[in-house]
Amino acid sequence: MKDYYVIIDCDPGIDDAMAIMNAVNSENIEVKLISTVSGNLTIEETMKNALKLTEIFKVDIPVSEGAREPIKRQPVYAGLAQGTKGMGGYTFKTPKTKPFILKSPDAIHFFLNENPAKNTTILCMGPMTNIANLLKKYPEAKDLISRIVFMGGSKDEDGSTVPYREFNVAYDPEAMQIVFDSHIPLVMVPMELGHIAYFTPEEQQKIKRANSVGEIFYKMFTKYNDYHVGKLGAAVHDSCSALFLSNPEIFRTEQAFLKIDYYKKDNTEYGYIKCDFGAKEPNATVCVDVEIEKFKKIIYGNLFNYN
């Protein structure tokens, strides 16, 4: 019996791919569903990528198709960073696996109810559109979710980066506010952790030499236009959220109150997370640091599970 019954909601995405690899190889995470959403790419591309990843990682996990656009906004994808197909320098063959019969949010609702303990963790590594749509359609679903661990936003301890337009938040801030208003316990894994959670070119060579899955990740990284760490390496933001579930002891956390705020630039309104560490009534746990050598050792260990 594993510790956590988990639904992954994501928009694969290179760093999503590595996070999924870590989650499905964890000894204490049982992934019951991978739900896709538009974000890094169109829903058609994120679905293809998620289906193919289950084949590459040799797992029998249903994959459902989610929202193709934000609740109120026009979609703005991240193809420049992730590559036109989302997998950087690696091109997938067409997946043979078929999508799950139910689409999100119905699929998420189904698997929430399948958990006899009624305490599912949702690991959200993309925009929160699917989760917001779930809560709008099935308000009672919030009582079946023990917490939402999400990658997104900025902790902004010194005020130097706010407003910071982190992608997962900016893509659909209205959806994220719906989730915040639900009072489901939150764990925020901010984008800053990716500034230290990256693999150098030398470490990427180690990944390449590991096995066939490592070779795939290496090819992905060759066309990963990472604007956070640049030539230093390839940031794996989403793996921080996956490893928080499997290995919370390597993270340092603080309590904070999160809310969505807005600002205007060039006649366009953007959303971002405002993070108050001094709040008397915090609504979230925020990861503020990670033991990076242990982080990488865990990822190498998960990767070496493949022949």
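Me: In this predicted model, does Lys32 count as buried, partly exposed or exposed?

Reply: The relative accessibility of Lys32 is 24%. A residue is buried under 20% and exposed over 50%. Because 24% lies between these cut-offs, Lys32 counts as partly exposed.

Me: With which residue does Lys32 form a salt bridge?

Reply: The closest N and O atoms of the pair are 3.1 Å apart, within the 4 Å required of a salt bridge. At 27% relative accessibility, Glu30 counts as partly exposed. The salt-bridge partner of Lys32 is Glu30.

Me: How many residues apart are Lys274 and Asp261?

Reply: Lys274 and Asp261 form a salt bridge, with the closest N and O atoms 3.9 Å apart. The pair links distant parts of the chain, since Lys274 belongs to strand β10 and Asp261 to strand β9. Lys274, at 41% relative accessibility, is partly exposed, and Asp261, at 22%, is partly exposed as well. Along the chain, the separation of Lys274 and Asp261 is 13 residues.

Me: What is the N to O distance in the salt bridge of Glu291 and Lys294?

Reply: Glu291 has a relative accessible area of 36% and is partly exposed. Lys294 is also partly exposed, at 45% relative accessibility. Their side chains meet with an N to O distance of 3.1 Å.

Me: Which residues are joined into one network by salt bridges that share partners?

Reply: The structure holds 12 salt bridges. Those that share partners make one network, and its members are Glu44, Glu65, Arg68 and Lys103.

Me: Which strands stand at the edges of the open sheet?

Reply: The sheet has nine strands with mixed pairing, in the order β3-β2-β1-β4-β5-β6-β11-β9-β10. An edge strand has a single partner strand, so one of its sides is left without a neighbour in the sheet. The strands that meet this condition are β3 and β10.

Me: What is the average twist from one strand to the next?

Reply: The twist applies to the open sheet of nine strands, which has mixed pairing. From one strand to the next, the average is 30°.

Me: Which residue in β3 does Thr36 stand opposite?

Reply: Strand β2, residues 29-36, runs parallel to β3, and three bridges join the two. Helix α2, residues 43-56, lies across both β2 and β3, running at about 175° to β3. Opposite Thr36 in β3 stands Glu65.

Me: At about what angle to β1 does helix α4 run?

Reply: Helix α4 spans residues 106-114. The strands that it lies across are β1, β2, β3, β4 and β5. Relative to β1, helix α4 runs at about 175°.

Me: Which residue in the hairpin of β9 and β10 takes a positive phi?

Reply: β9 and β10 pair in the antiparallel sense over nine bridges, and one bridge partner pair is Tyr262 with Gly271 in β10. The hairpin leaves two residues between the strands. The residue with a positive phi, near 55°, is Asp266.

Me: Which residue in β11 is the bridge partner of Phe251?

Reply: Strand β9, residues 251-265, also pairs with strand β11, residues 284-290. This pairing is antiparallel and has six bridges. The bridge partner of Phe251 in β11 is Val290.

Me: How far apart are the end C-alpha atoms of helix α11?

Reply: Helix α11 covers residues 292-303, which makes 12 residues. At 1.5 Å a residue, the helix should span 16 Å. The distance between its end C-alpha atoms agrees with this expectation, because it is 17 Å.

Me: Which elements are included in what covers the buried residues of α11?

Reply: The buried residues of α11 are Phe295, Lys296, Ile298, Ile299, Tyr300, Asn302 and Leu303. One of the covering elements is α1, itself mostly covered, with 11 of its 11 residues buried. The cover of α11 includes α1, β7, α8, α9, α10 and β11.

Me: At roughly what angle do the axes of α8 and α9 cross?

Reply: Gln204, Gln205, Ile207 and Lys208 in α8 meet Gly214, Glu215, Phe217, Tyr218 and Phe221 in α9. These contact residues divide into four nonpolar, three polar and two charged. The axes come within 6 Å, and their crossing angle is roughly 145°.

Conventions: Residues numbered from 1 in each chain as written. Predicted model: local features only at pLDDT ≥ 70, side-chain atom pairs only at ≥ 80, totals over all residues. Heavy atoms only, no water. Pairing = 2+ DSSP bridges. Helix = DSSP H or I, 4+ residues; strand = E, 2+ residues; numbered from the N terminus. Expected span 1.5 Å × (residues − 1). Buried < 20%, exposed > 50% of the residue type's maximum accessible area, 1.4 Å probe, protein only. Contact = heavy atoms within 4.5 Å. Axes fitted to C-alpha atoms, helices over the stretch in contact; angles between N-to-C directions. Nonpolar A, V, L, I, M, F, W, Y, C, P; charged D, E, K, R; others polar.
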